[in-house]
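Dear colleague,

I am handing over the structure we spoke about, and I would be grateful if you could look through it before reading on. My notes on what was found in it follow below.

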Amino acid sequence: AVVSTQSTGVGLVLSILLAKMEPSIGRKGGFLVPEITIKYFAVSLIFLNSGLSLKTEELKHALTQVHLHTFIQCFTMMFIPVFMQFVSLVAMNHNLLQPLLINGFIVVSCMPPPVSSAVIFQITPLSFSEWVAVFKFS
C-alpha cells in the first residue's frame, strides 16, 4: 500500500541507493549512456508525458490569453534585462561585486527562464494554467 501511494518517493530512494552501490551505471559512458539517453530521450519523454496529461480545453483557453503572453514575454525579455543593467551599474559604481560576476548577472538576465520555472508556476497557488506555463517557459 505504501509503495502505490508513495511510488515517486520510493523510486527516488531506490535510485539513490542503486547509484550509491554502483555509480558506474550512470557515469558518462556507462551502461545508461546518460549523455545520450537523458539529453535526447528522457527530457522528450517527460514533455510528452506532461503534454498528454493536459486537457485540450485548457490549450484553447491558453491560446486566447494574448495579453498574459505579451506581459510575460515583455517582463522576462525586456524589464528584467533593463532592471539588471541598472542594478549592475549601481553595483559596479560602488564596487559591491567583482566585474566578472556582474557581467554574468547581465548575461543570465537576458536568457529565457528555464523550463523548471513552468513547474514552479504550475504548482503555486497563484499559478497560471498548465498550458500557459508550457507556452511561456519552453
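Confidence varies along the chain of this predicted model: helix H7 (residues 116-123) has the lowest mean, at 56, while H6 has the highest, at 92. Averaged over the chain, the pLDDT is 79, and 79% of the residues score at least 70, so please keep the figures for H7 in mind when you look at residues 116-123, given that pLDDT is the predictor's confidence in each residue.

As for the overall architecture, the chain contains 8 helices and 0 strands, and reading along the sequence gives the pattern α-α-α-α-α-α-α-α. The chain has 138 residues, of which 15% count as buried, and its accessible surface comes to about 10,700 Å², with 74% of that surface belonging to carbon and sulfur atoms. Among the contacts in the chain with a separation of 6 or more, 53% are made by residues 24 or more positions apart.

The surface feature that I would point you to is a nonpolar patch of about 1,000 Å². Its members are Phe71, Phe75, Phe79, Phe83, Phe86, Val87, Val90, Leu96, Leu97, Leu101 and Phe105. Two helices, H5 (66-93) and H6 (99-109), each supply at least two residues of this patch, and H5 gives the most, with 7 residues. One of the patch members, Phe79, has its place in helix H5; Phe79 counts as partly exposed because its relative accessibility of 45% falls between the 20% under which a residue is buried and the 50% over which a residue is exposed.

Helix H5 also holds Leu89, which has a relative accessible area of 45% and is therefore partly exposed. The C-alpha atom of Leu89 is separated by 8.6 Å from that of Ile102, and these two residues are 13 residues apart along the chain.

Two loop residues deserve a separate look for their backbone angles. Val33 is not a glycine, and yet it has a positive phi of about 45°; Val33 is placed in the loop between helix H2 (7-21) and helix H3 (34-52), and its relative accessibility of 27% means that it counts as partly exposed. Asn95, likewise a residue other than glycine, has a positive phi near 50°, and it lies in the loop between H5 and H6. Is Asn95 buried or exposed? With a relative accessibility of 67%, Asn95 counts as exposed, because this value is over 50%.

Finally, a word on the cysteines. How many disulfides does the structure hold? The structure holds 0 disulfides. A disulfide is a covalent bond between the sulfur atoms of two cysteines. Cys74 is partly exposed, having a relative accessible area of 35%, and Cys110 is partly exposed as well, with a relative accessible area of 46%.

With best wishes

Note on methods: Residues are numbered from 1 along each chain as its sequence is written. This is a predicted model: local features need pLDDT of at least 70, side-chain atom pairs count only at pLDDT 80 or more; totals for chains, interfaces and linings use all residues. Side-chain values use heavy atoms; hydrogens and water are left out. A disulfide is a pair of cysteine sulfur atoms within 2.5 Å. Buried means under 20% relative accessible area, exposed over 50%, partly exposed in between (1.4 Å probe, protein chains only). Patches are made of residues with over 30% relative accessible area and no salt bridge: like charges are joined within 9 Å, nonpolar side chains (Val, Leu, Ile, Met, Phe, Trp, Tyr) within 5 Å. Accessible areas come from the Shrake-Rupley method with a 1.4 Å probe; for residues, only the protein chains shown count as cover. A salt bridge is a side-chain nitrogen of Lys or Arg within 4 Å of a carboxyl oxygen of Asp or Glu. Helices (H or I, at least four residues) and strands (E, at least two) are DSSP runs, numbered from the N terminus. pLDDT is the predictor's confidence in each residue, from 0 to 100. Contact means heavy atoms within 4.5 Å.
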